[in-house]
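Have your viewer open and your selection tool ready. We will go from one stop to the next, picking out a few residues each time.

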Amino acid sequence: MVTFANRVLFVGFGAVARCTLPILIKHLSIDPTRITIIDFEPNDAVLKPWIEQGMTFIEDRVTEENLGSLLGQHVSAGDLLIDLAWNIDCCEIVQWCHERGVL
């Protein structure tokens with residue numbers, strides 16, 4: 001199992017993210033307190049088991065205006081951003097990550 005010591009940020013926590021997170025945890029040794037989830041429509045029942053493991057949930061919407069400041073609070077060079085949101089331009093997030101060394 002690969003160990004990942006940096007932070008992980010999930011942007012969006014819909015159906016695909018809900019399937020991705022357990023796979024990530026199964027195959028990547030990471031401290032759950034290093035994982036943050038951002039979504040603008042929280043589902044408390046779905047989030048509860050993850051928060052109980054130590055993950056952080058941020059209720060917010062990533063927009064063109066706040067993309068840099070919001071993402072920059074939770075990831076930096078060497079961290080991993082998993083963009084599973086439907087409402088954000090993927091190319092903008094990829095460019096932002098590339099410029100900052102975020103995976």
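Start with what lies over the buried side of helix H4: in this predicted model, the cover includes helix H3 (67-72) and strand S6 (80-83). Now select H4 itself, residues 90-100, and colour Ile-93, Trp-96 and Cys-97, its buried residues. These three sit on the same side of H4 because they span an arc of only 95° around the axis. Next, add Cys-91, His-98 and Glu-99, and you will find exposed residues on the other side of the helix.

While you are here, visit both ends of H4. Asp-89 caps the N-terminal end, with a side-chain oxygen 3.1 Å from the backbone nitrogen of Cys-91. After the helix comes Gly-101, which has a positive phi, near 75°.

Now move to strand S4, residues 35-39. How many of its residues are buried? The count is 5 of 5, so-called "mostly covered" territory. Show the side chains and look at each face in turn. In a regular strand, side chains alternate between the two faces of the sheet. Here, Ile-35, Ile-37 and Asp-39 are buried on one side, while Thr-36 and Ile-38 are buried on the other.

Keep S4 selected and bring in its partners. Strand S2 (residues 8-11) runs parallel to S4, and 4 bridges join the two. To find one of the pairs, select Val-8 together with Ile-35, its bridge partner in S4. Strand S5 (residues 56-59) also pairs with S4 in the parallel sense, again over 4 bridges. Two pairs to click on are Ile-37 opposite Phe-57, and Asp-39 with its bridge partner Glu-59. Then show helix H2 (residues 44-52) as well: S4, H2 and S5 together make a right-handed β-α-β unit.

The next stop is the largest nonpolar core, which has 16 residues. Select Val-8, Phe-10, Phe-13, Leu-21, Leu-24, Ile-35 and Ile-37, the members with the most contacts inside it. S2, helix H1 (15-27), S4 and H2 each supply at least two residues of this core, and H1 gives the largest share, 3 residues. For a closer view, centre on Leu-24: beyond its neighbours up to four places away in sequence, this residue touches Val-8, Phe-10 and Ile-82. There is also a second, separate core of 15 residues, and Val-62, Leu-70, Val-75 and Ile-88 are among them.

Finish in the loop between H3 and S6, where you can select His-74. Is this histidine buried or exposed? His-74 counts as buried because its relative accessibility is 13%, and the cut-off for buried is under 20%. To see its surroundings, display Arg-7, Leu-9, Thr-36, Ile-38, Ile-58 and Asp-79, the residues in contact with His-74 once neighbours within four places in sequence are set aside. Two of these names should be familiar from the S4 stop: Thr-36 and Ile-38 are the buried residues on one of that strand's two sides.

Methods. Residues numbered from 1 in each chain as written. Predicted model: local features only at pLDDT ≥ 70, side-chain atom pairs only at ≥ 80, totals over all residues. Heavy atoms only, no water. Buried < 20%, exposed > 50% of the residue type's maximum accessible area, 1.4 Å probe, protein only. Arc of directions from axis to C-beta. Contact = heavy atoms within 4.5 Å. Polar contact = N/O pair within 3.5 Å; in protein donor to acceptor, adjacent residues only side chain to side chain. Pairing = 2+ DSSP bridges. Right-handed = clockwise from strand over helix to strand, strands pointing away. Core = buried A, V, L, I, M, F, W, Y, C linked by side-chain atoms within 4.5 Å.
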